[in-house]
Amino acid sequence: MGAKGGKCVSQILRFFQDHEPGPFDPKEVMAPLPGPTLRAKLGDIVELTFLNQINPQHFAKSFVLDQCDSTTGAGAYPKVAGDTMPSCFHGSITGNIHFHGTHTSPISTGDNVFLQVTPSPNGQPTVTAASVQKDFDAFFAECEEKLKNPLEQWPMLWKDLPKHYTDQQQALLPADLWNKDKEQIAAGKWGWPQYYVGAFPYCFALPKYPDAGPPALRMGQAPGTHWYHAHKHGSTYLNVANGMLGAFIIEGDEYDGKLNAFYDKYRTNTESEWTASSRPWWSTNLAKLRTSSAVPLSPPAPRRHSQSTASNSRR
Ligand SMILES: [Cu+2]
């Protein structure tokens with residue numbers, strides 16, 4: 001995250017174990033884990049690759065346009081609950097990210113809660129981090145250039161995204177979804193396509209208000225402990241209740257700057273690893289605790305459906 005420093009590592013964000021409605025063993029259903037903590041500084045440009053690697057074949061009735069998600073069998077949703085469109089869970093195998101507390105654009109690749117990133121079709125994650133990396137690297141590089149001016153709004157048009165990626169999206173999207181995207185594309189800068197398959201590149205600035213000189217901005221990003229969560233309308237509750245959220249810490253220069261200046265003495269690199277000679281007493285004790293603990297501190301392995309950043313469920 002950010003134009004400089006910081007190294008991203010992959011991690012299982014969450015999983016959800018489905019079960020048919022009716023009796024089930026609660027021991028079989030483990031508590032979901034929240035997502036990774038994101039950390040950035042004022043003035044940074046946030047670049048995130050959002051992946052949806054759900055197998056849609058496990059949730060065949062979870063994404064039919066303008067219809068409630070449904071399950072079969074006794075106690076089936078939505079019949080037993082009596083829910084009807086639009087007041088029901090719908091589109092729960094699609095996802096997006098909403099960034100709470102960000103002073104940023106609510107459209108295009110910013111804090112856009114209208115996006116619906118669907119899984120790759122046919123049960124195979126054909127759109128992967130590797131398959132989009134080249135396109136997204138090029139996009140992020142251009143985004144960093146454009147957003148150097150904090151008043152710039154970019155991207156605004158479908159053609160601002162890499163052509164290889166948009167061609168692939170057009171080929172993969174089912175006709176009903178692509179037709180909706182086409183209407184938005186035709187609206188030019190007043191529209192932004194809603195539907196994607198497999199992956200979406202988030203890129204937006206955390207604008208820093210200049211203390212001195214003529215202000216280009218009238219407001220800027222506030223430092224703080226913010227948060228993010230999945231915000232697909234129709235399944236936000238389901239997503240968030242299952243752990244699709246995390247902390248988003250945005251550091252400022254003043255308070256955080258002073259703390260960083262102090263702790264940097266103990267850090268060997270930007271990953272916050274401690275030097276052996278100057279390791280604080282509590283980090284040594286933490287290492288002991290980790291090795292002697294009877295309860296594993298690492299999260300349990302996902303059991304049936306794992307994915308990077310999206311939700312699915314039957315109930
Ligand atoms: Cu929210």
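**View 1. Leu48 sits opposite Tyr202 of S7.** This close-up, like the others here, comes from a predicted model. The pairing shown is between S3 and S7, which go together in the antiparallel sense over seven bridges. S3 covers residues 45–51 and S7 covers residues 199–205. As general background, strands of a sheet pair through hydrogen bonds of the backbone, in either a parallel or an antiparallel way.

**View 2. S7, a strand that is mostly covered.** Seven of the seven residues of S7 are buried. Which residues point which way from S7? Ala199, Pro201, Cys203 and Ala205 go one way, Phe200, Tyr202 and Phe204 go the other, and every one of them is buried. So if you rotate the strand on screen, you'll find buried residues on both sides, because each of these seven has at least 20 other C-beta atoms within 10 Å of its own.

**View 3. The largest nonpolar core, with 40 residues.** Val46, Phe50, Phe200, Tyr202 and Cys203 have the most contacts inside this core. Two or more residues each come from strand S2 (38–41), S3, helix H1 (129–146), strand S6 (195–197), S7 and strand S9 (245–251). Which element gives the most to this core? That's S7, with six residues.

**View 4. Cys203 and the residues it touches.** Leaving out residues up to four places away in sequence, Cys203 touches Ile45, Val46, Glu47, Thr109, Phe139, Phe140 and Cys143. Cys203 is also among the residues with the most contacts inside the largest nonpolar core, and so is Val46. On S7, Cys203 points the way that Ala199, Pro201 and Ala205 do.

**View 5. An open sheet of four strands, in the order S2-S9-S8-S4.** The pairing in this sheet is mixed. S2 and S4 (98–100) are the edge strands, each pairing on one side only. Ignoring direction, neighbouring strands are turned by 25° against each other on average.

**View 6. S8 and its two partners, S4 and S9.** S8 (residues 224–229) runs antiparallel to S4, and three bridges join the two. Look here for His98, whose bridge partner in S8 is His229, and for His100, which stands opposite Trp227 in S8. How many bridges join S8 to S9? There are six, and these two strands run antiparallel as well. On this side, the bridge partner of His226 is Phe248 in S9.

**View 7. Ser62, in the loop between S3 and S4.** Is Ser62 buried or exposed? Ser62 counts as buried because it has 26 other C-beta atoms within 10 Å, and the cut-off for that is 20 or more. His90 makes a handy second label: Ser62 and His90 are 28 residues apart in sequence, yet 6.6 Å apart in space, C-alpha to C-alpha.

**View 8. Two cis peptide bonds, each ending at a proline.** One joins Tyr77 and Pro78, with omega at about 0°. Pro78 belongs to the loop between S3 and S4. The other joins Trp154 and Pro155, where omega is about -5°. Pro155 has its place in the loop between H1 and H2.

**View 9. Two positive phi values outside glycine, at Ser108 and Asn122.** Ser108 isn't a glycine, but its phi is about 40°. You'll find Ser108 in the loop between S4 and strand S5 (116–118). Ser108 is buried because it has 22 C-beta neighbours inside 10 Å. Asn122, not a glycine either, has a phi of about 65°. Its loop is the one between S5 and H1. Asn122 is exposed because it has 10 other C-beta atoms within 10 Å.

**View 10. Where confidence rises and falls along the chain.** The mean pLDDT of the protein chain is 79, and 74% of its residues reach 70 or more. Confidence is highest in helix H2 (residues 163–172), at a mean of 97, and lowest in strand S10 (residues 306–307), at 35. Over residues 276–280 the pLDDT is below 50, and this stretch has six contacts in the model beyond near neighbours in sequence. Residues 284–315 also stay under 50, with 59 contacts beyond four places in sequence.

Technical notes: Residues numbered from 1 in each chain as written. Predicted model: local features only at pLDDT ≥ 70, side-chain atom pairs only at ≥ 80, totals over all residues. Core = buried A, V, L, I, M, F, W, Y, C linked by C-beta atoms within 7 Å. Buried ≥ 20, exposed ≤ 12 C-beta atoms within 10 Å, placed from the backbone. Contact = placed C-beta atoms within 7 Å. Pairing = 2+ DSSP bridges. pLDDT = per-residue confidence, 0-100. Axes fitted to C-alpha atoms, helices over the stretch in contact; angles between N-to-C directions.
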